[in-house]
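Trainee: Hi! I'm new to this one. Could you walk me through it?

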Amino acid sequence: WADIDFPIDLAVVANPSAFHQSAISEIIVHTGPGSFTGIRVGISIANSLGFLLGVPVNGKRALAHAAY
């Protein structure tokens, strides 16, 4: 899987010749903890990309990942 950091790599996603869109099976977005506005922007970008690419968008909390 690929890890894309917003907004720097957003240009890579917007460029269809940079990768195969079929390689993306889902989008995972950080849901907290963090600044309310920053999380809203990230979720909005992830939902837009999910809609455009036709893939599901799932939210994950950072503290849940730290537990594993």
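Mentor: Happy to! Let's begin with one pairing: Val29 has Gly59 of strand E2 as its bridge partner. This is a predicted model, where local features need pLDDT of at least 70, side-chain atom pairs count only at pLDDT 80 or more, and totals for chains, interfaces and linings use all residues. Residues are numbered from 1 along each chain as its sequence is written, and side-chain values use heavy atoms, leaving out hydrogens and water.

Trainee: How many bridges join E1 to E2?

Mentor: Four, and the two strands run parallel. Strands count as paired if DSSP finds at least two bridges between them. Another partner pair is His30 with Lys60 in E2.

Trainee: And what do E1, H2 and E2 make together?

Mentor: A right-handed β-α-β unit. Right-handed means that, with the strands pointing away from the viewer, the path from the first strand over the helix to the second runs clockwise.

Trainee: What's the order of elements along the whole protein chain?

Mentor: From the N terminus, α-β-α-β-α, so three helices and two strands. Those are DSSP runs: helices (H or I) of at least four residues and strands (E) of at least two, numbered from the N terminus.

Trainee: Back to E1. Which residues are on its covered face?

Mentor: Ile27 and Val29, while Ile28 and His30 make up the uncovered face. In a regular strand, side chains alternate between the two faces of the sheet.

Trainee: Which residues form the largest nonpolar core?

Mentor: There are six: Ile24, Ile27, Val29, Ala46, Leu49 and Val55. Strand E1 (27-30) and helix H2 (36-53) are the elements that give two or more residues to this core. By nonpolar core I mean buried Ala, Val, Leu, Ile, Met, Phe, Trp, Tyr and Cys residues joined through side-chain atoms within 4.5 Å.

Trainee: How much of the protein chain is buried?

Mentor: 18% of its 68 residues. Buried is under 20% relative accessible area, exposed is over 50%, and partly exposed is in between (1.4 Å probe, protein chains only).

Trainee: New topic: where does Thr31 lie?

Mentor: In the loop between E1 and H2.

Trainee: Why does Thr31 count as partly exposed?

Mentor: Because its relative accessibility is 26%.

Trainee: What is Thr31 in contact with, beyond its neighbours within four places in sequence?

Mentor: Ile39, Ile43, Gly59, Lys60 and Arg61, where contact means heavy atoms within 4.5 Å. Thr31 and Ile43 are 12 residues apart in sequence, and their C-alpha atoms are 7.6 Å apart.
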